[in-house]
Amino acid sequence: MRFTLALKTYNEGELIDIWLRYHTAVIGAENIIILDHSSDCEKTLKIYSQYPEVRIRKVPRTLHADELHLRHKNRKFWDEIEDGADWY
């Protein structure tokens with residue numbers, strides 16, 4: 001069975017490091033997609049750089065957080081999830 005774990009973030013700092021350490025160990029970095037709402041926190045960006053196998057997709061801040069869930073507003077992200085998972 002193929003699966004993808006998706007998470008949306010914005011300037012999470014240390015919390016994203018803890019989250020990534022745990023989830024990459026459990027399911028593998030290649031099975032994670034982060035939909036980042038254009039973080040500009042240096043700590044967050046540094047942590048992202050430590051996980052090159054995690055797919056981090058930036059979306060503009062002009063897109064409201066709730067709109068990230070709408071396929072027609074974020075088609076590329078949803079297509080990537082569908083291509084990598086049997087269930088989503």
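**Figure 1. Helix H3 has buried residues that include Phe77 and Trp78.** Let's start with H3, which covers residues 75–84 of this predicted model. Phe77, Trp78, Glu80 and Ile81 are its buried residues. They lie on the same side of H3, because the arc they cover around the axis is only 155°. Look across to the other side of the helix, and you will find Lys76 and Asp83 exposed. What do the buried residues of H3 pack against? Their partners are three strands: E1 (5–9), E2 (32–36) and E3 (55–58).

**Figure 2. Strands E1 and E2 run parallel.** Zooming in on this pair, you can count five bridges joining E1 to E2. One to look for links Leu7 with its bridge partner in E2, Ile34. Follow the chain through helix H1 (residues 14–27) as well, and E1, H1 and E2 together form a β-α-β unit that is right-handed. A general point may help when viewing any strand: in a regular one, side chains alternate between the two faces of the sheet.

**Figure 3. The largest nonpolar core is built from ten residues.** Here you can pick out Ile16, Trp19, Leu20, Ala29, Ile32, Ile34, Ile47, Tyr48, Tyr51 and Val54. Which elements give two or more residues to this core? They are H1, E2 and helix H2 (42–49). H1 gives the most, with three residues. In soluble globular proteins, nonpolar side chains tend to be buried together.

**Figure 4. Ile47 touches Ile16 and Leu20, among others.** Ile47 is one of the residues of the largest nonpolar core. Not counting residues up to four places away in sequence, Ile47 touches Gly13, Glu14, Ile16, Asp17 and Leu20. A second core, separate from this one, has eight residues, including Val59, Phe77, Trp78 and Ile81. Phe77, Trp78 and Ile81 should be familiar, as they are among the buried residues of H3.

**Figure 5. Asn74 sits in the loop between E3 and H3.** Is Asn74 buried or exposed? Its relative accessible area is 10%, so Asn74 counts as buried. Once neighbours within four places in sequence are left aside, Asn74 is in contact with Leu35, Val59 and Leu68. Val59 is also part of the second nonpolar core.

**Figure 6. Arg55 belongs to strand E3.** Arg55 and Ile34 are 21 residues apart in sequence, and their C-alpha atoms are 6.2 Å apart in space. Ile34 is also in contact with Arg55. Setting aside neighbours within four places in sequence, the other contacts of Arg55 are Thr4, Glu30, Asn31, Ile32, Ile33 and Glu80. Glu80 takes us back to H3, where this residue is buried.

**Figure 7. The protein has three helices and three strands.** Stepping back from the close-ups, you can trace the elements from the N terminus in the order β-α-β-α-β-α. The C-alpha atoms fill a box of roughly 35 × 30 × 15 Å along the principal axes. With 88 residues, a compact globule would have a radius of gyration near 12 Å, and the 13 Å of the protein agrees with this. Of the 88 residues, 39% count as buried. Among contacts with a separation of 6 or more, 61% come from residues 24 or more positions apart.

Notes:
Residues numbered from 1 in each chain as written. Predicted model: local features only at pLDDT ≥ 70, side-chain atom pairs only at ≥ 80, totals over all residues. Heavy atoms only, no water. Buried < 20%, exposed > 50% of the residue type's maximum accessible area, 1.4 Å probe, protein only. Helix = DSSP H or I, 4+ residues; strand = E, 2+ residues; numbered from the N terminus. Arc of directions from axis to C-beta. Contact = heavy atoms within 4.5 Å. Pairing = 2+ DSSP bridges. Right-handed = clockwise from strand over helix to strand, strands pointing away. Core = buried A, V, L, I, M, F, W, Y, C linked by side-chain atoms within 4.5 Å. Rg over C-alpha atoms; globule rule 2.2 N^0.38 Å.
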